[in-house]
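Trainee: I'd like to practise reading packing features and internal spaces. Can we go through a model together?

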Amino acid sequence: MDSSLPVLLDASLSVSSENSEVKPQESFCSSLKDSWKVERPLGNSELSYFLPSRASGVNDMYLHLGFIAPEHVVRRARVRLVWAILRIRHPLLASKVLMQGYDDVRFVFTPPQSPEDALVNADYNLEYRSSTKDELIDSYLNGSRTLSSDRLSYLIVSQGGTSLPSPPLTPRSTSPFDECETPSYSHDIMICAAHFLGDGMALHQFANDFFGLLGGEKTIAELEAQLKEELSSRWGADSTRAALPNALEDSFTVRPNKLRNAAEKVDFQLSQQRLVGGHSFRRQTKQPRHTIVPTVSYDPEQTKSILKRCKTHGVSVSAAIFAACNIAWAKMCTEKQDLSMMMYSALNLRPYFTVKPVNDSYWFLAIGYFNVILPTFIPRSIDLSSVFWHRARVAKEQCTQAAKNRMIVSRSLLMAEERGQRARLWAKEDDERERGTFVPPPPPLPVPAADTALRTPSAALIGLSLLGNLDGIYKHGAFPAVQLHTLTTGSRQRSGGMLLFGYTFAGKLWVSLGYDVNGFDKAMVDQYWGNVLQIMDELLLK
């Protein structure tokens, strides 16, 4: 899955509770500059996201949050301090990527030498704009790339109310909110991070922690003290946590066993062969990529009604959205109705980790992939509501089977290895084409007709990122000075990219469709999106 975020799975689905110590990471000290660095190689999963991102930022993530707060809460002095603290706590955000070959790509983190150094670095990766939500998102998705190998994260603030000049780097206010009686304004913030740094779970947990510090009761002086303490405890001379978060592949206890390895490879191949999907949107590539994100929200009362209706039928909202996407396509499908429709999604692999990391940061990539396969036809002898809820239950069953499968770890690691190998080959080809040195490989040998006849199509119609109840992550009561009201998330896409998001936030259900408007038959996508919303209105609300 190229640009999806994870389904947040219950930690109780862990397959093992044993822990072992993390593998040591490489670090070195430069006495000439009186500084030191911590580095580690990218794992296969990280590499599969990094290599395609180099040219134009494919899969670079963003999280937009709209909120109401007094003007002084979002002054640069306070935001910069919070941003600096969290970049110390989560070092991949402040790292760089050094690539010396397709098999030698590394994260490199240089710990700040002082709190002032940390503030300067945070300020360099912080920008204030006067832009609307839609302008922020459109600029990030369709403008020049914001991130790079030297800038893996970035924070953008669009401040409402009166614009103030930037204060000095070391603010000296002693009160958390000197102007506590001043009016509140609507503000926008956008957290930008490369996908090879982490995933949706990390992004949303980070946003909660960010607002916990920003909208909490600590004064500027107390935040300064916290920055100093965290820098010392995490990256000081006596620190026992001076390491980068593990790569996904280093988060499991893998014991060499030839028989087991062979069995896991056979299981992986068989699981891939069972992925049958014969439907896709008509594509077109006449114009450059341009991503749009139409978004619909349901008010709190409608959301409660939808949740109650789903509970009555024994499914989650996520399972119902899978069914809505299926029925929406089936209603407009006029061919290949004998072939199934396949959708892909991601799952959080953190519950399956068996290696205890040195660094307690949650900013790392930990997603695997699974598919939901449903019939394309709609039986005429059964009412649509019954078909819908039956398929929602089937989708739920397939999601549960994917999460609880005994082979989930080996399948995820083998898929990561396969994706990493493909990414290296494609990156090498892209670089050679850019240099004008690419030599096409010889044509493949002809395949006997009998072999091709046995092959089944495995195309996925659409990717779904179903994040569940985000209000379980955002502890709104922990930041009383801030009222969050809007959330939109996604990533920069490749040409022809499409991903549907579903989640509840601030008591509302949100559904959005991020796609390249120039990469598809627009009338077909418009019809499909209209069908999805119509089904949700008719079968989930009524």
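Trainee: How many cavities of 30 Å³ or more does the structure hold?

Mentor: Keep in mind that this is a predicted model. The structure holds 2 cavities of that volume or more. The largest has a volume of about 60 Å³, and the second largest is about 40 Å³.

Trainee: Which residues lie nearest the centre of the largest cavity?

Mentor: Those are G490, S491, Q493, F501 and G514, out of 12 lining residues. Strand 18 (483-491) and strand 19 (498-505) are the elements giving two or more residues to this lining. Strand 18 gives the most, with 3 residues. By class, the lining has 5 nonpolar and 7 polar residues, and no charged ones.

Trainee: And what lines the second largest cavity?

Mentor: S45, L248, L349, I367, G368, Y369, S412, M415 and A416. Strand 15 (367-374) and helix 11 (408-435) each supply at least two of the lining residues. Here the split is 6 nonpolar, 3 polar and no charged.

Trainee: Now helices. What describes two packed helices?

Mentor: The angle between their axes and the distance between the axes. Take helix 2 (residues 76-89) and helix 6 (residues 220-235): the angle is about 15 degrees, and the axes are 9 Å apart. Angles under 35 degrees count as roughly parallel, so helix 2 and helix 6 are roughly parallel to each other. Helix 2 passes helix 6 in a left-handed crossing.

Trainee: Which residues meet there?

Mentor: From helix 2, they include L81, I85 and I88, and from helix 6, L223, L227 and W235 are among them. The contact has 11 nonpolar, 1 polar and 5 charged residues.

Note on methods:
Residues are numbered from 1 along each chain as its sequence is written. This is a predicted model: local features need pLDDT of at least 70, side-chain atom pairs count only at pLDDT 80 or more; totals for chains, interfaces and linings use all residues. Side-chain values use heavy atoms; hydrogens and water are left out. Axes are lines fitted to C-alpha atoms, for helices over the stretch in contact, and angles run from 0 to 180 degrees between N-to-C directions. Helices (H or I, at least four residues) and strands (E, at least two) are DSSP runs, numbered from the N terminus. Angles under 35 degrees count as roughly parallel, over 145 as roughly antiparallel, 65 to 115 as roughly perpendicular and the rest as oblique. A crossing is left-handed if the near helix is turned anticlockwise from the far one by less than a right angle, and right-handed if clockwise. Contact means heavy atoms within 4.5 Å. Ala, Val, Leu, Ile, Met, Phe, Trp, Tyr, Cys and Pro count as nonpolar, Asp, Glu, Lys and Arg as charged, and the others, Gly among them, as polar. On a 1 Å grid over the protein atoms alone, a cavity is a set of points where a 1.4 Å probe fits but cannot get out, and a pocket is an open set with protein on both sides within 12 Å along at least five of seven lines; lining residues have an atom within 4 Å of a point. Grid points are joined across faces, edges and corners, and a volume is the space filled by probe spheres set on the points.
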